[in-house]
Amino acid sequence: MPGERQPDIQISVDHLIKRFGAFIAVNDVTFDVRRGEIMGFLGPNGAGKSTIIRMLCGLLRPTSGRAMVAGVDVALNPERVRQSIGYMSQKFSLYGDLTVAENLRFFGGIYRVPQKEIAERILSVVEMAGLAGREDSLVSTLAGGWKQRLALGCAILHRPPVLFLDEPTSGVDPISRRRFWELIHELSDDGVSVLVSTHYMDEAEYCNRIAMIDQGKLVALGTPAELKNRALPGTLLLVECDEIGHAIELLGSAPGVRDVAAFGNTLHVLVDREAGQTDRLIAWLAAHGIAGARVRPIEPSLEDAFVQLVTGNREAA
Amino acid sequence: MLDRIVRIWVKEFLEFYRDTGARYRLVIPAILQLLIFGYAATFEVFNVPTAVLDLDHTQESRTLLADFTNNARFKIVTVAQSQPQAEAAIENGDAVAALVIHAGFANLLLKGQTAPLQVIVDGTNSNEALVALGYVGTIVETFSQQYMVDLAGRTAAGRSMRVVQISVDQRDWYNPNLNSRWFFVPGVIGMLTLMTIVNLTAFAIVREREVGTLEQIMVTPIRPYEFIIGKTVPFFLIGLFQVILVAVTGVLWFHIPFVGSPFVMLLGSSLFLLSSLAIGLLISTLCKTQQQAFASNFFVLNPVFTLSGFAYPIASMPVVLQWLTYINPLRYYLVIIRGTFLKGVGLDILWPDMAALAAIAAVLLTISTLRFHKSLE
């Protein structure tokens with residue numbers, strides 16, 4: 001068990017399984033999260049991300065396997081774990097008919113933040129979340145980005161070493177999302193371990209490591225760069241040409257081509273890692289009536305990697 | 001422990017304070033229901049629409065019909081000229097009762113024989129029909145007694161025989177005029193509190209579940225009993241407020257006598273409130289959405305009313321249903337509240353009902369607290 005050897009490990013998940021009747025929502029998942037690390041859960045809706053997070057918070061009981069959070073076995077002692085975690089659920093879940101300050105005081109009280117510190121902590125959370133001047137606004141009147149930062153504020157008021165964020169940025173504008181991620185990085189710099197689920201590929205790039213989850217399984221685990229390299233055993237070429245629809249068919253049957261996918265007005269073509277592929281594709285298209293194609297190698301995106309890894313997983317299943 | 005509970009109280013109070021509609025929802029329906037029950041709910045029958053047909057045309061027959069005309073219980077709507085006409089009045093709904101005096105009525109009376117009076121009632125409303133029949137019996141009995149006395153005084157035969165009269169001297173204790181309102185208004189307190197508290201409790205928790213705030217609470221280190229106490233005590237106070245509101249209105253507006261001890265009444269009310277809270281809590285642990293809670297409340301509250309003695313006498317129910325009433329908290333509370341309002345009895349008489357309520361509250365609260373896990377499963 002790596003979790004017992006390294007004191008640094010804040011979350012340790014070992015062969016975790018969750019069944020709902022005959023349905024296997026989480027299928028034998030194992031991973032660790034270190035102190036101060038930002039771990040991203042990337043996967044489609046219904047992949048099992050929320051179920052894993054809820055088990056780690058003690059909201060659901062694992063069918064089998066073990067989960068340790070902040071050194072405590074969640075299944076054995078869920079109450080002790082709860083003092084060490086902050087949780088932000090998918091759905092905004094603060095009291096809309098209370099003000100910003102009232103919500104913070106409420107959660108501060110429930111978490112038993114010492115009376116003499118509460119005012120100061122609320123102040124710092126309000127400042128961090130950019131909510132200064134809005135302390136007395138009813139939460140229901142706040143815009144999405146503010147609500148979300150307040151929810152984060154309520155989750156960290158008791159200074160937990162571990163933070164679970166379940167799709168925290170869904171339905172929030174891009175500027176607020178960017179700002180939210182800056183906050184998460186600040187927390188991580190302070191040593192907080194963050195487990196955050198998302199289905200935004202660009203967000204996953206902000207994470208230290210990514211766990212790709214599909215159909216309840218951990219498909220891949222690694223840094224964004226590692227995943228991109230591992231997922232694409234070849235070279236990714238960007239093809240710009242006329243008659244995109246026709247070109248997809250042509251390239252699909254071209255020698256040395258593994259996969260073709262359309263991205264807007266361009267094509268991403270995965271080819272074997274061999275010299276001269278670029279020229280060969282241009283020639284192949286020209287020979288079949290599409291002249292003047294431009295082809296250049298590109299850096300694969302996380303989305304390319306995700307599609308490859310998930311497809312591979314589903315074919316294997 | 002107390003610090004967290006107080007936090008929840010503060011939160012509940014703030015939410016209640018911000019929800020400006022809530023204070024009206026607590027006061028107006030309570031008063032409205034009290035007024036409706038106070039005025040409309042009665043078993044007494046007045047102004048029974050009645051058709052009369054006199055085929056005898058004698059002084060005796062007219063005297064008998066005049067007794068009906070002059071009685072507030074009956075209202076003569078049709079004076080029929082023939083049997084079919086009288087029957088038609090019932091059939092088309094103009095009259096609920098028809099009185100037919102056949103020819104020869106007075107003759108039979110004079111001979112000292114039984115003279116028939118035909119009474120037809122519309123049995124579709126069996127309760128009204130039954131009550132009306134009772135009144136008919138009373139009026140006819142008075143008439144015949146009067147007639148016998150007159151006859152005895154007027155005839156030689158009568159002078160030689162002794163008229164024996166049995167009069168029933170009725171004393172209705174605690175409610176001398178058998179006023180239905182006195183019976184109903186205290187009962188309304190029980191019904192209203194049950195409805196308000198079960199609904200408030202069930203909805204308040206299910207709403208938190210639906211909105212997602214319950215999940216946020218569950219990941220905190222709060223203990224289930226802290227949450228439950230925090231969540232239910234405000235409703236307990238609201239319930240107590242409603243009991244007092246309805247009781248005071250009943251006494252001041254409807255002049256229902258309150259002869260017992262307010263302390264005994266409030267003690268019984270508190271035990272009853274605890275049972276109601278527990279029912280609401282239990283429903284909330286079984287429901288995921290407010291819609292489900294609404295359906296469940298309806299399903300639970302209706303039998304509780306029917307099997308409580310609020311309107312239908314428990315002694316008239318089939319034995320199996322009578323057993324069921326023993327686990328119904330409203331049954332005991334009605335005994336307590338009617339006992340304190342009208343009879344003025346104290347704990348020496350009411351303790352078995354108090355004990356039963358306490359036991360029900362304890363069992364229900366234990367079950368619902370155990371069922372209230374801090375997990376989503």
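# Exercises on a predicted two-chain model

At 0% relative accessibility, Asp214(A) counts as buried, because buried means under 20% relative accessible area, with exposed being over 50% and partly exposed in between (1.4 Å probe, protein chains only). The model is predicted, so that local features need pLDDT of at least 70 and side-chain atom pairs count only at pLDDT 80 or more, while totals for chains, interfaces and linings use all residues. Residues are numbered from 1 along each chain as its sequence is written, chains are lettered from A and ligands numbered from 1 in the order in which they are written, and side-chain values use heavy atoms, with hydrogens and water left out.

**Exercise 1. Find the salt-bridge partner of Asp214(A), and state which parts of the chain the pair ties together.**

Step 1. A salt bridge requires a side-chain nitrogen of Lys or Arg within 4 Å of a carboxyl oxygen of Asp or Glu. Asp214(A) meets this with Arg314(A), their closest N and O atoms being 2.8 Å apart.

Step 2. Asp214(A) belongs to strand β9 of chain A and Arg314(A) to helix α12 (residues 302-316) of chain A, so the pair ties together parts that are 100 residues apart in sequence. Helices (H or I, at least four residues) and strands (E, at least two) are DSSP runs, numbered from the N terminus.

Step 3. Arg314(A), at 43% relative accessibility, counts as partly exposed.

**Exercise 2. Describe the salt bridges that link helices α1 and α10 of chain B.**

Step 1. Glu226(B) and Arg4(B) meet through their side chains in a salt bridge (3.0 Å, N to O). Since Glu226(B) lies in helix α10 (residues 224-253) of chain B and Arg4(B) in helix α1 (residues 2-18) of chain B, the pair ties together parts that are 222 residues apart in sequence.

Step 2. Glu226(B) counts as buried at 1% relative accessibility, and Arg4(B) counts as buried at 3%.

Step 3. A salt bridge also joins the side chains of Glu12(B) and Lys231(B) (2.6 Å, N to O), and this pair links helix α1 with helix α10 of chain B across 219 residues. Both Glu12(B) and Lys231(B) are buried.

Step 4. Through shared partners, salt bridges join Lys11(B), Glu12(B), Glu15(B), Glu208(B) and Lys231(B) into one network.

**Exercise 3. Give the strand order of the open six-stranded sheet in chain A, and explain why two strands stand at its edges.**

Step 1. Two strands pair if DSSP finds at least two bridges between them. The order is β6-β7-β8-β3-β9-β10 (chain A), with mixed pairing.

Step 2. β6 (85-88) and β10 (217-222) of chain A each have a single partner strand, so one side of each is left without a neighbour in the sheet.

Step 3. β6(A) runs parallel to β7 (residues 162-166) of chain A, the two being joined by four bridges, and Gly86(A) stands opposite Leu163(A) in β7(A).

**Exercise 4. Place strand β1 of chain B among its partners.**

Step 1. In β1 (residues 48-54) of chain B, six of the seven residues are buried.

Step 2. Six bridges join β1(B) in parallel to β2 (residues 74-80) of chain B, with Val52(B) opposite Val79(B).

Step 3. β1(B) also pairs in the parallel sense with β3 (residues 97-101) of chain B over five bridges, and here Leu53(B) stands opposite Val100(B).
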